[in-house]
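Me: Before I rely on the labels attached to this model, I would like to see each one set against its definition. Could you go through them with me?

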Amino acid sequence: MFDAASVPSSSTLSTDGSFDAVSPLAGYGWTAEHDELFAPLAEAGLVAARIVRVDRGQCDAVLADPATGELRTVRADTRQVGDADMINCPCTGDWAAVDLSAGLPMPAVAALLPRSTAIIRKVAGKRSDGQVLAANVDTVVVAASLAAEPDLGRIERFLALAWESGAEPVVVLTKADLVDDADFIRADVEAAAPGVTVLVVSAETGEGIDVLRACTPGTTAVLGQSGVGKSTLTNVLAGVDVMAVQEARSGDQKGRHTTTTRELVPLPGGGVLIDTPGLREVGLYGGEGVALAFADIEELAGQCRFHDCHHDSEPGCAVRAALADGSLPERRMESYRKLQRENEWIASRSDARLASARVKKWKTITKTMRAAGGTVKW
């Protein structure tokens with residue numbers, strides 16, 4: 001666990017429980033808007049904190065000590081804000097209200113502030129539930145290694161996830177010191193990531209690191225497969241080895257899981273970075289992320305003769321024309337269709353799950369009313 005006190009702060013809590021103009025948590029992303037949202041909770045004696053790491057039923061949270069105003073990290077019970085829907089459960093990056101009452105066996109998270117953004121993926125397997133990877137993120141770094149041929153389809157998938165979160169995506173191609181054709185690979189990735197900044201970096205030589213720092217203010221989450229150098233990037237940006245790293249396998253450059261949980265790390269120049277475990281499965285959880293990741297295809301679709309064109313055999317289809325003249329690669333179109341199908345599937349499963357939950361709720365109400373001798377009103 002990192003030392004929260006290592007993040008400099010010159011401010012303290014005011015006597016009414018709210019923060020001064022510059023909060024001790026400002027380096028972690030606290031703003032005046034948070035101050036306003038938190039005011040009723042401060043009046044109730046709760047303390048603002050940012051969740052750094054989540055374990056089962058507990059979390060590490062950084063907060064300003066009410067007595068001294070100094071930042072410190074506490075272990076807190078999260079069961080009070082647990083929820084059957086994993087999306088609503090505490091997550092790394094959440095802003096929380098912590099109860100430090102002396103009578104409690106340990107500090108407890110009493111409430112969560114509304115999230116400004118959230119990276120949500122579908123859980124692994126056939127279930128349609130969502131899992132929040134990180135909350136209140138400003139920038140999502142999609143990391144891919146240049147040590148092996150980048151998988152453009154996977155990058156597009158990560159970008160759809162990033163766009164849907166509400167944060168700004170940036171693609172970072174790591175290990176540039178291992179290849180001689182980084183600029184050619186970057187051009188291929190840029191074609192698969194319209195409107196997204198694509199950087200080439202090397203933690204070994206320092207190439208591109210300053211530009212990456214400038215592109216990642218506020219809260220940044222790093223996503224990617226194992227072995228692409230996410231933890232190494234975290235260490236370089238943090239200026240200290242805060243995350244363990246391992247070498248990728250020499251044969252196929254696939255990584256070994258070094259990071260096993262999502263953890264929020266403060267950066268020396270302000271802002272924080274959330275390192276995440278390598279993701280083997282990146283299931284989408286619906287929304288507009290696919291449309292944003294494939295904005296070029298969406299723009300072409302807007303030029304089709306028919307507004308409900310399926311881009312199959314309809315006359316006047318601008319998408320098929322782009323495929324025919326080669327300006328739209330077949331690979332990219334197939335990737336678009338695949339992610340669209342996933343979105344349609346998750347939407348249908350989500351609707352079915354909501355309908356099932358409503359039926360279950362009314363069955364419970366009916367049973368309770370009948371047991372009490374009352375009348376059930378539909």
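**Labels and their cut-offs**

Reply: Over residues 252-257 the pLDDT (the predictor's confidence in each residue, from 0 to 100) stays under 50, and the model has 20 contacts (heavy atoms within 4.5 Å) beyond four places in sequence for them. This is a predicted model in which local features need pLDDT of at least 70 and side-chain atom pairs count only at pLDDT 80 or more, whereas totals for chains, interfaces and linings use all residues. Residues are numbered from 1 along each chain as its sequence is written, and side-chain values use heavy atoms, with hydrogens and water left out.

Me: What makes Cys317 a buried residue, and why is Cys317 not counted in a disulfide with Cys309?

Reply: Buried means under 20% relative accessible area, exposed over 50% and partly exposed in between, with a 1.4 Å probe and protein chains only; Cys317 has 7% relative accessibility and therefore counts as buried. A disulfide is a pair of cysteine sulfur atoms within 2.5 Å, and because the closest cysteine sulfur to that of Cys317, in Cys309, is 3.7 Å away, the two are too far apart for a bond.

Me: How do you know that Cys304 is in no disulfide?

Reply: By this rule the count of disulfides is zero, and for Cys304 the nearest cysteine sulfur, that of Cys317, is 3.9 Å away. Cys304 has a relative accessible area of 9%, so Cys304 is buried as well.

Me: Why are the buried residues of helix H1 said to line one face?

Reply: Helices are DSSP runs (H or I, at least four residues) and strands likewise (E, at least two), numbered from the N terminus; H1 covers residues 32-43. In H1, His34, Asp35, Phe38 and Ala42 are buried. Seen down the axis of H1, the buried residues fall within an arc of 90° (taken from the directions from the helix axis to the C-beta atoms), so they line one face of the helix. The face turned away from that buried side carries the exposed residues Glu33, Glu36, Pro40 and Glu43, while strand E1 (47-55) and strand E4 (95-99) are among what covers the buried residues.

Me: What makes E1 and E4 a pair of strands?

Reply: Two strands pair if DSSP finds at least two bridges between them, and E1 and E4 have four, in the antiparallel sense. One of the bridge partners is Ala97 in E4, for Ala48. E1 also pairs in the antiparallel sense with strand E2 (residues 58-64), over six bridges.

Conventions. Expected span 1.5 Å × (residues − 1).
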